[in-house]
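Q: Please take a close look at one residue and its surroundings, and then at the charged pairs found elsewhere in the chain.

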Amino acid sequence: MLRRDIVKAGASLSVLSMFGGVGTLRGARAADPAGTTVFDDTTVRQLAHRLSQQSYHAPEETLPAAVRDMNFDQFTSIAYRSEQALWHGENLGFDVEFFPRGYLYRPRIEMYEVIDGKAAPVPYSPDLFTYGNPALRVEDNLGFSGLRIRAPINTPGVMEEFCVFLGASYFRAVAKGQNYGLSARGFADGTGDPKGEEFAMFRAYWLEKPRSGVDSVVVHALLDSPSLTGAFRFTIRPGETTVFDVQTYLYPRKEISQSGIAPLTGMFYFDANDRNHVDDWRPAAHDSEALSMWTGGGQQLWRPLRNPQDLQFSAFADVRPHGFGLMQRKRAFTDFEDLSLSYEKRPSLWIEPIGDWGAGSVDLVEIPTPNEVNDNIVAFWRPRDAMAAGHEYAFTYRMYWGWDTPWPTHLARVAATRVGASTDGSHTRFFDIDFDGAPFEHLPPDAKFHLQNRTSAGEIRNVVVEPNPDIHGWRATFEFDPKEARIAELDCSLANDQGTVSEDWVYRWTP
């Protein structure tokens with residue numbers, strides 16, 4: 001496990017009161033003598049709806065003294081035995097391992113296996129784990145805190161972890177050849193609000209046993225929080241790009257005005273566009289370098305991320321968006337020079353809405369961070385209208401964890417953004433934007449491009465556009481004088497005499 005795997009716990013979490021003593025759900029269809037229940041694609045949806053009509057009960061998270069105050073190293077020293085994995089040795093293409101409870105992960109999360117329309121609890125035993133410190137082993141029926149899914153994603157016949165659900169409603173995945181980076185979660189509520197946000201959690205998971213030869217695995221999850229409940233169905237296909245098909249049904253207990261659909265979260269510490277107050281030997285350190293958007297109107301936007309001095313909240317209004325994501329385009333070791341963290345191998349994550357999501361905005365929250373340990377970037381879709389209590393809201397989307405966006409573009413793309421002091425010694429800033437891509441593949445010798453630009457405050461001047469042979473692209477540079485402004489929204493695009501040839505570069509400047 002890499003850093004930040006253990007920093008994602010929500011507030012006070014524990015066993016859901018609606019679970020019965022034999023591990024079945026109260027309100028679900030009756031259990032047979034073996035403790036199984038009938039299960040289909042409507043089961044979790046019905047449970048979530050029924051639960052939303054009850055008052056929220058904060059879960060209890062009592063643990064024995066021996067494991068109550070575990071630290072990070074102690075938690076990670078408890079390892080699941082691979083030979084005990086669910087479906088191990090059955091040649092199904094997938095198996096599942098589970099996390100113990102403890103450290104930040106105190107709540108007991110219910111786990112169920114679904115076979116032929118019947119759900120049964122996944123049994124717990126302390127013998128499922130090895131213990132770096134024998135004192136951490138207790139005989140109590142502690143249960144699990146999360147799960148990891150394995151598949152032969154890199155080497156045929158070798159089972160490797162490619163997906164984790166652990167802590168609140170957080171989950172993460174990788175594609176072939178990648179390392180963990182950014183995360184996703186089920187729902188966001190109040191993100192960026194000075195009053196603080198509410199963290200929903202996945203209280204239970206149902207794992208459908210895959211059939212032999214099938215390249216996907218299905219996971220159901222029950223979401224719960226003081227403000228809403230939800231039912232999630234994930235169809236997960238690992239590979240060159242790991243794809244999640246996500247179906248969600250949300251049931252607010254009360255009106256939610258600051259909802260976040262398909263939230264993504266990651267870390268941006270510094271890069272060439274923002275090294276303020278960072279004294280570091282590496283060129284960059286981040287999970288993602290920009291927010292990318294493909295609007296309902298057809299615009300393709302590239303918004304470089306920043307590690308600001310003060311919390312920044314940006315909203316990009318849209319109707320029926322084609323998609324958005326937190327992207328990592330830098331893919332060379334020399335972009336980061338970090339042998340241990342390998343930022344160049346971290347996934348981009350693109351969200352493709354399925355169906356009509358209506359009006360709303362892609363929201364971006366940038367939080368100051370003094371280091372690369374903390375996740376400080378959040379992006380999500382916020383519906384324009386508040387979510388009313390007692391209603392059902394359905395959202396379907398596809399998640400692409402991979403190396404780039406899942407669709408090609410004929411537009412030039414931003415290859416790099418660099419910002420520094422101007423040479424005149426004033427407070428003017430110098431911007432350097434590199435573009436590469438399809439428009440430059442077969443250019444005549446006399447090709448010309450110019451920069452279309454604007455700013456909401458201050459002045460852009462001394463614009464230069466010239467070829468950049470090193471990347472087979474073009475470079476645009478300019479100086480920005482903020483004058484008396486404390487914030488400015490800049491945007492530009494590359495164009496020729498026929499019109500725009502690049503995606504739109506958008507940037508928020510603050511001192």
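A: **D363 and the salt bridges**

In this predicted model, D363 is part of strand β24, which spans residues 359–366. D363 counts as buried because its relative accessibility is 1%, under the 20% limit. The side chain of D363 makes a polar contact of 3.3 Å with the side chain of R382. Apart from neighbours within four places in sequence, the residues in contact with D363 are F313, S314, A315, V378, A379, F380 and R382.

Side chains of opposite charge can pair when their charged atoms come close. The structure contains 40 salt bridges. One of them joins E372 to R282, with an N to O distance of 2.6 Å. This pair connects distant parts of the chain, 90 residues apart: E372 lies in the loop between β24 and β25 (377–383), and R282 in the loop between β17 (268–270) and β18 (285–286). Both E372 and R282 are buried. Shared partners also join salt bridges into one network made up of D95, E97, R148, R150 and E161.

Another salt bridge is formed by D116 and R211, whose closest N and O atoms are 3.6 Å apart. Here too distant parts of the chain are linked, across 95 residues: D116 belongs to the loop between β4 (110–115) and β5 (118–121), R211 to the loop between β12 (201–208) and β13 (217–224). D116 counts as exposed because its relative accessibility is 63%, and R211 is likewise exposed at 60%.

R137 and E139 also meet through their side chains in a salt bridge of 2.9 Å, N to O. R137 is partly exposed, with 31% relative accessibility, whereas E139 is exposed, with a relative accessible area of 56%.

Conventions: Residues are numbered from 1 along each chain as its sequence is written. This is a predicted model: local features need pLDDT of at least 70, side-chain atom pairs count only at pLDDT 80 or more; totals for chains, interfaces and linings use all residues. Side-chain values use heavy atoms; hydrogens and water are left out. Helices (H or I, at least four residues) and strands (E, at least two) are DSSP runs, numbered from the N terminus. Buried means under 20% relative accessible area, exposed over 50%, partly exposed in between (1.4 Å probe, protein chains only). A polar contact is a pair of N or O atoms within 3.5 Å; within protein, one must be able to donate a hydrogen and the other to accept it, and residues adjacent in sequence count only if both atoms are side-chain atoms. Contact means heavy atoms within 4.5 Å. A salt bridge is a side-chain nitrogen of Lys or Arg within 4 Å of a carboxyl oxygen of Asp or Glu.
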